[in-house]
Amino acid sequence: MKRITIDPITRLEGHGKIEIFLDDDGNVANAYLQIPELRGFEQFSVGRPAEEMPRITNRICGVCPEAHHMAGTKALDALFHVEPPSVTKKIRELFYSAFYCTDHTVHFYALGGPDFVLGPTANPAERNILGVIHKVGVDIGKQVIACRQRNHHVIKMLGGRGIHPVAGLPGGWSVAITEEMREEIEGYARQNIDFAEFSLKIFDDIVLANKAYVDLILSDAFTHRTYYMGTVDENNHINFYDGKIRVTDPEGKEYVKYEAKDYMKHIAERVEPWSYLKFPYLKNVGWNGFTDGMDSGVYCATPLSRLNAADGMATPKAQAHFERFYETLGSEKANGRYKPVHHRLATHWARLVELLYSAERMLELATDAEITDPNVRAPVTEIPTEGVGSVEAPRGTLTHHYTTDENGILTKVNLVVGTTNNNAPIAMSIKKAAQGLITKGTEVTEGLLNTIEMAFRNYDPCMSCATHSLPGQMPLEVVIRDADGEIQDVISQYLD
């Protein structure tokens with residue numbers, strides 16, 4: 001049996017490799033995404049004061065620390081049994097909306113975009129953010145940088161730090177917004193809306209206008225019919241900060257809707273010997289292997305999933321693009337809502353619709369009459385026990401679950417991150433793409449292998465966030481050499 005290895009895989013947060021195994025006829029027998037890194041945040045957080053968690057867990061990842069900070073802060077609200085003031089929730093969501101603007105911009109232009117803007121078979125030395133700027137123009141590159149710059153300024157202004165925020169408190173937030181700050185943020189939000197609409201136009205002109213790209217998006221190799229997960233408000237519209245978690249089935253019908261604190265009633269996890277990532281699935285459907293369809297408990301949690309799980313967007317411009325998204329991709333309405341789109345590469349388009357929503361929501365919050373209320377913290381008076389906090393990270397539903405003793409010292413921590421939710425569908429997507437693209441007699445080129453990488457890249461996975469479980473069995477080999485370079489000893493563990 002022949003093996004093809006893609007190592008390392010590129011344009012993701014973290015590290016990983018893909019192993020593809022061919023049978024004697026040259027067809028793909030199996031394919032695996034393997035993650036060689038291991039992190040232990042769940043374990044080394046035990047024994048620490050709970051209020052440290054929003055500052056500890058945001059070190060898991062340098063790309064999405066704001067998501068962990070927010071989920072951790074909300075978990076502290078529940079843990080200490082304190083309800084934040086209304087203005088605090090709005091400031092948190094304003095902060096989070098700015099984060100979404102910058103994070104989705106990074107993925108579209110730097111991580112996923114090069115495959116579409118330059119093409120999956122382009123020279124790998126050019127298939128990057130610099131190549132994108134070269135093709136679309138320096139002025140557009142300046143707009144991307146400006147978007148990142150202004151939103152990181154808002155993150156620093158509201159979060160206390162530019163990279164790892166520190167403002168989250170049980171029942172509160174450490175930063176109140178002045179009128180001067182509000183006016184500045186309002187201006188940035190209006191610029192974000194223009195930039196999001198501009199990005200959607202680029203997608204129209206470069207991707208949707210290219211038949212080869214559209215055919216790739218609609219191809220069976222990148223299609224899976226699974227359950228979909230996302231957080232929705234009381235109107236079943238997308239909300240990144242708060243609401244209930246809704247799961248819809250492959251036909252688009254609501255399967256379940258629950259509060260974050262009840263996640264263990266609905267989500268179970270399993271392990272496989274070839275990965276450090278856990279594989280969540282819908283407990284009441286059951287695990288049926290790496291298969292899709294109604295009888296498989298595999299679900300997906302991505303921008304595409306959030307659109308599929310929702311009835312619409314809560315802001316007008318994003319709603320218009322939401323409708324165009326489904327109508328362009330041939331979705332029909334049933335019982336007043338669009339049937340799901342199962343084409344996984346359409347996630348890139350869904351991400352841009354979310355970018356526009358986050359910009360519009362940012363403007364709504366920045367112009368809210370309550371946003372400058374200085375009373376941003378409720379007093380903590382209860383003994384801490386157990387708390388669950390959840391937000392929609394850009395990569396999927398993120399859940400933090402903390403348990404403490406009566407002194408607030410952590411005794412148990414569980415994190416279910418966006419990429420962990422998507423671990424099973426990512427594995428399925430890689431295998432299906434490999435089977436669709438590599439058959440008997442196929443010349444395996446670098447461009448073809450990059451097209452297979454697109455199967456995981458559209459999920460925007462963050463392996464740093466996902467590989468957090470201990471105990472683990474990390475393969476390790478240490479070679480000890482003397483001053484002349486001669487091997488003196490080799491120490492290894494968990495190597496075949």
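Reader: In which element does Trp 173 lie, and what makes that element a strand?
Author: Trp 173 lies in strand E5, residues 172-173. Helices (H or I, at least four residues) and strands (E, at least two) are DSSP runs, numbered from the N terminus. The model is predicted: local features need pLDDT of at least 70, side-chain atom pairs count only at pLDDT 80 or more, and totals for chains, interfaces and linings use all residues. Residues are numbered from 1 along each chain as its sequence is written, and side-chain values use heavy atoms, with hydrogens and water left out.

Reader: Is Trp 173 buried or exposed, and how do you know?
Author: Its relative accessibility is 1%, so Trp 173 counts as buried (buried means under 20% relative accessible area, exposed over 50%, partly exposed in between, with a 1.4 Å probe and protein chains only). Contact means heavy atoms within 4.5 Å. Beyond its neighbours within four places in sequence, the contacts of Trp 173 include His 69, Met 70, Phe 95, Leu 158 and Val 376.

Reader: How do you know which strands are the edges of the sheet formed by E1, E2 and E3?
Author: The sheet is open, has the order E1-E2-E3 and is paired antiparallel. Strand E1 (2-6) and strand E3 (28-34) are the edges, as each pairs on one side only. Neighbouring strands are turned by 15° against each other on average, direction ignored.

Reader: What makes E2 and E3 a pair?
Author: Two strands pair if DSSP finds at least two bridges between them. Strand E2 (residues 17-22) is joined to E3 by six bridges, so the pair meets that requirement. Phe 21 has Asn 30 of E3 as its bridge partner.

Reader: Which helices pack on this sheet?
Author: Helix H14 (residues 423-437) touches E2 and E3, and its direction makes about 140° with that of E3. Helix H15 (residues 446-457) touches E1 and E2, at about 120° to the direction of E2. Axes are lines fitted to C-alpha atoms, for helices over the stretch in contact, and angles run from 0 to 180 degrees between N-to-C directions.

Reader: How do you know that the length of H15 agrees with its number of residues?
Author: The expected span is 1.5 Å times one less than the number of residues. For the 12 residues of H15 this gives 16 Å, and the end C-alpha atoms are 16 Å apart, so the values agree.

Reader: Why is H15 called mostly covered?
Author: Of its 12 residues, 11 are buried; among them are Leu 448, Ile 452 and Phe 456. The buried residues pack against E1, E2, helix H4 (86-117), helix H8 (211-218), helix H12 (347-366) and H14.

Reader: What is remarkable about phi at Arg 11 and at Asn 335?
Author: Most residues other than glycine have a negative phi. Arg 11, in the loop between E1 and E2, has a positive phi of about 55° although it is not a glycine. Asn 335, in the loop between strand E12 (333-334) and strand E13 (337-338), likewise has a positive phi of about 55°.

Reader: Which of the terms buried and exposed applies to Arg 11, and which to Asn 335?
Author: Arg 11 has a relative accessible area of 14% and is therefore buried. Asn 335 has 78% and is therefore exposed.

Reader: Which peptide bond is cis, and how do you know?
Author: The bond from Asp 7 to Pro 8 has omega near 0° and is cis. Pro 8 is found in the loop between E1 and E2.
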